[in-house]
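Here are my notes on the model you sent over. They go from the whole chain down to single residues.

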Amino acid sequence: MKAIVVSLFREEQEDRESLEELKELVKAVDGKVLGYIIQRRREPDVRYYVGAGKVEEIKQVAQGIEADAIVFDAFLSPSQHYNLEKAIGKKVYDRADLVLEIFSRRVRSKTAKLQVELAKLTHELPRLYGKGKELSRLGGGVGTRGPGEQQAEIKRRWIKKRIEQIKKELQEVRKQRAEQRKRRERLSDRIIRVALVGYTNVGKSSLMKAMTGTDTFVADMPFATLDTKTSSRDLPEGLKILITDTVGFIRRLPPELVESFKATLEEVQEADIILHVIDISDPGWINKVQVVKNILKDLGCDEKPVIYVLNKADRLVASEEEAFNLTEPAFLGGKAVVVSAVKGWGIKKLLEVIREYAKELVEV
Ligand SMILES: Nc1nc2c(ncn2[C@@H]2O[C@H](COP(=O)(O)OP(=O)(O)OP(=O)(O)O)[C@@H](O)[C@H]2O)c(=O)[nH]1
Ligand SMILES: [Mg+2]
């Protein structure tokens, strides 16, 4: 994919970060970003997302530099997607397409595969409506349903059926997981469930490794982890914590993906304590914290005890002592611990804080 990236700028900083991130997403599907086009505009255009004049400019530039794809930093409505492809004459993708493509390339477990397939189909279905009509106009007569529409109808029916089938299978998985969790609960009430959540690439899996010694896949790219993984760690006084590593969050996450990842996110919903991992070496970390907080709220998890884990301190200071001297941002509204998952700094302190929380939970 040789892509031009297109973005609407409203709140400058946030949009700029989002655009940079989109470039990473293009790279993650082995694409190349040839350039980007920005339009400053308050409200997206209903038909084309950007203004009609901008569409013409995109078309010219795409032809000039021989791009074969246009990637929009947005969720396009099915009709916007359709109108843009027609007007520009090149493949058009939105943020959801990219995220879904990355997910479908990387997932391994059967459940995650089903979840991604579901998200993809849900995303594709409404786009088929516009396409069917267009194909019919080319082939069919007035007032009749043309061959294009019939074809699209067959495909739509197939997709709907498949969606139902996957939903049933996932329902089954959720039931099984719920039973597993109940069994664990019965084992002992001194087991505390901790979920690692945070923006993608902040170091959740690295932290899991540092805390439990489990070998997990760590990589400097978005969405390295796509399957949840749980490991345990014993704490003093017979306390045991179960730590679950989860899929990273991202701003403007496709809604159908949140929906289809419910089974993994249930691990977060079932957690006693949430470790919200933050990359403090990232200048844009505050916005990312807000994104994660919003998703947690959507999941109904905003009332749970949260420990903020300020990771990658080794990128800011040279030693563990200095790391502890970093002021913890009070506005986060919870306990914060500065760590470096790679250097092992602050891990003891973090476990100590978890133990304090856990003791309170067990005693109640
Ligand atoms: N310098 C430094 N790098 C770190 C630290 N923790 C993680 N990293 C690096 O950050 C990158 C992402 O780490 P992961 O542990 O895969 O992050 P993640 O949050 O699990 O990412 P996803 O699963 O993709 O959402 C890797 O290149 C890690 O080596 C840290 O404490 N210091
Ligand atoms: Mg990970």
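What share of the contacts in the protein with a separation of 6 or more comes from residues 24 or more positions apart? The share is 68%. Keep in mind that this is a predicted model.

1. **Overall build.** The protein has 364 residues, and 35% of them count as buried. There are 13 helices and 10 strands. The C-alpha trace spans about 80 × 45 × 30 Å along its principal axes.

2. **Domains.** The assignment gives three parts: domain 1 covers 2–103, domain 2 covers 107–167, and domain 3 covers 189–363. Where domain 2 meets domain 3, the contact takes 10 residues from domain 2 and 8 residues from domain 3. On the domain 2 side, the residues touching domain 3 are 4 nonpolar, 5 polar and 1 charged.

3. **Strand β8.** This strand runs over residues 273–279 and is mostly covered, with 7 of its 7 residues buried. In general, side chains of a regular strand alternate between the two faces of the sheet. Here I273, L275, V277 and D279 point one way. I274, H276 and I278 point the other way. Both sets are buried, D279 and H276 included.

4. **Neighbours of β8.** β8 pairs with two strands described here. With β5 (residues 191–198) the sense is parallel, over 5 bridges. V194 has I273 of β8 as its bridge partner. With β9 (residues 306–311) the sense is again parallel, over 6 bridges. V277 stands opposite V309 in β9. The chain gets from β8 to β9 through helix α11 (residues 285–298), and this β-α-β crossover is right-handed.

5. **Core.** The largest nonpolar core holds 82 residues. Which of them touch the most other members? They are I70, V71, V309 and L310. V309 is also the residue opposite V277 in the β8–β9 pairing. Burial of nonpolar side chains together is a general tendency in soluble globular proteins.

6. **L310 up close.** Set aside its neighbours within four places in sequence. L310 is then in contact with I278 and I280, with E328, and with A336, V337, V338 and V339. I278 belongs to the β8 set that points the same way as I274 and H276.

7. **The β6–β7 hairpin.** β6 (229–235) and β7 (239–245) flank a loop that holds E237. The two strands run antiparallel and are joined by 7 bridges. L235 has L239 of β7 as its bridge partner. The hairpin leaves 3 residues between the strands. E237, in the turn, has a positive phi of about 65 degrees. E237 is not a glycine. Is this residue buried or exposed? E237 is exposed, because 10 other C-beta atoms lie within 10 Å, and the cut-off for exposed is 12 or fewer.

8. **Y49, a second positive phi.** Most residues other than glycine have a negative phi. Y49 departs from that, with phi near 70 degrees. Y49 sits in the loop between β2 (32–40) and α2 (52–64). Why does Y49 count as buried? Y49 has 25 C-beta neighbours inside 10 Å, and 20 or more is enough to be buried. Compare E237, which is exposed. Both backbones deserve a look in the viewer.

9. **A74.** A74 lies in the loop between β3 (69–72) and α3 (78–88). A74 is partly exposed, because 19 other C-beta atoms lie within 10 Å, and buried needs 20 or more. Beyond four places in sequence, A74 is in contact with L8, Y49, D94 and R95. That list includes Y49 from point 8. A74 and F249 are 175 residues apart in sequence, and their C-alpha atoms are 16 Å apart in space.

10. **K155.** This residue is in helix α7, which covers residues 147–187. K155 counts as partly exposed, because 15 C-beta neighbours lie inside 10 Å. How many residues separate K155 from L125 along the chain? The answer is 30, and the C-alpha atoms of the two are separated by 8.8 Å.

Definitions and conventions:
Residues are numbered from 1 along each chain as its sequence is written. Chains are lettered from A and ligands numbered from 1 in the order in which they are written. Helices (H or I, at least four residues) and strands (E, at least two) are DSSP runs, numbered from the N terminus. Two strands pair if DSSP finds at least two bridges between them. A crossover is right-handed if, with the strands pointing away from the viewer, the path from the first strand over the helix to the second runs clockwise. A nonpolar core is a set of buried Ala, Val, Leu, Ile, Met, Phe, Trp, Tyr and Cys residues joined through C-beta atoms within 7 Å. Two residues are in contact if their C-beta atoms, placed from the backbone, lie within 7 Å. Domain bounds come from an automatic or database domain assignment. Ala, Val, Leu, Ile, Met, Phe, Trp, Tyr, Cys and Pro count as nonpolar, Asp, Glu, Lys and Arg as charged, and the others, Gly among them, as polar.
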